[in-house]
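Ready for a few hands-on exercises? Open the model in your viewer and try each task before reading its solution.

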Amino acid sequence: MNPFQQLSFTVSVARLADLPASEREVAIAGRSNAGKSSLINTLACRKRLAYVSKTPGRTREINFFRVAAGRFVVDLPGYGYARVPLPVKEGWQQLVSGYLAGRPSLAGLVLLMDVRHPLTPLDRQLLAWLTPSGKPVHAVLTKADKLSRQGAARTLAEVRKVLEREAPAVSLQLFSSFTRQGVDELAERLATWLEI
Ligand code: GDP
């Protein structure tokens, strides 16, 4: 059985001091609109699970979803809205960089990027915050259905080449919430990291 069908929303956290106790967790990050909520819902085979992360006041918080005892999938706040005021951007930066740099239970980061707009400066910033920790990153190119099969394969190869140069420890896959392409590959990766 897919263990992620067990995902249930546990808590929203706005400050590092409020992070819950956890044995192992995986974090999911990406630009706003990259398809993060859809991916979490697809993984859990649920329609509205990740809508909690979109409710007013929670979009800028870290949302915890429990998958098994002491194991969590962590939804990091989306980034990249051009019109967000500076203090909000700084708040996001402090929360996310602090979380990535100093969370002992974090087993790995899943970085979502729209297959049509991969590796933006903020995506690279996120990678840079995690790099000193030596923790693994799995990059997921979302909305693969928006491109032809050949187009998606070409983008995958191009992004792989860049990552091999800049961040050799990063693995990479295509994903679509609409066709469920890549969902098993992603679930396997997360289960391995979470040891479930
Ligand atoms: P979030 O802001 O990162 O949580 O993104 P959402 O999951 O809310 O998705 C943003 C938009 O992209 C919505 O209009 C979704 O319907 C659309 N979307 C999400 N995943 C996919 C996908 O796999 N394929 C396509 N074509 N559209 C998607």
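Two strands count as paired if DSSP finds at least two bridges between them. Keep in mind that this is a predicted model.

**Exercise 1. List the secondary structure elements from the N terminus on and relate the radius of gyration to chain length.**

Solution. Start by counting: the protein has 5 helices and 7 strands. Next, walk along the chain from the N terminus, and the elements read β-β-α-β-β-α-β-α-β-α-β-α. The radius of gyration is 16 Å, close to the 16 Å given by the globule rule for 196 residues, so the protein is as compact as a globular protein of that length. Finally, take the principal axes: along them the C-alpha trace spans about 45 × 40 × 30 Å.

**Exercise 2. Work out the strand order of the open sheet and find its edge strands.**

Solution. Step across the 7 strands by following their pairing, and the order comes out as β1-β3-β4-β2-β5-β6-β7, with mixed pairing. Now look for strands that pair on one side only: these are β1 (8-13) and β7 (171-174), the edge strands. Then check the twist: on average, neighbouring strands of this sheet are turned by 25° against each other, direction ignored.

For a closer look, pick β5 (residues 106-114) and β6 (residues 137-142), which pair in the parallel sense over 6 bridges. Within this pair, Leu111 stands opposite Ala139 in β6.

**Exercise 3. Which strands do helices α3 and α5 meet, and at what angles do they run?**

Solution. Begin with α3 (residues 121-130): this helix packs on the sheet and touches β2 (24-30), β5 and β6. The direction of α3 makes about 170° with that of β5. Move on to α5 (residues 183-194), which lies across β2, β3 (62-68), β4 (71-75), β5, β6 and β7. Helix α5 runs at about 140° to β2.

**Exercise 4. Describe the shell of residues around the ligand.**

Solution. First collect the shell, using a cut-off of 6 Å from the C-beta atom, placed from the backbone. There are 16 residues around the ligand, and Gly35, Lys36, Ser37, Ser38 and Ser177 come nearest. Sort the shell by class, and you get 2 nonpolar, 10 polar and 4 charged residues. Last, ask which element contributes the largest share: helix α1 (residues 36-44) does, with 3 residues.

**Exercise 5. Characterise the region that UniProt annotates as a domain.**

Solution. The unreviewed UniProt entry places "domain: EngB-type G" at residues 22-196. Over residues 22-196, the chain is 37% helix and 22% strand. To finish, compare the two ends of this stretch: their C-alpha atoms are 14 Å apart.

Technical notes:
Residues numbered from 1 in each chain as written. Predicted model: local features only at pLDDT ≥ 70, side-chain atom pairs only at ≥ 80, totals over all residues. Helix = DSSP H or I, 4+ residues; strand = E, 2+ residues; numbered from the N terminus. Nonpolar A, V, L, I, M, F, W, Y, C, P; charged D, E, K, R; others polar. Axes fitted to C-alpha atoms, helices over the stretch in contact; angles between N-to-C directions. Contact = placed C-beta atoms within 7 Å. UniProt positions renumbered as here; feature names shortened; annotations may be inferred. Rg over C-alpha atoms; globule rule 2.2 N^0.38 Å.
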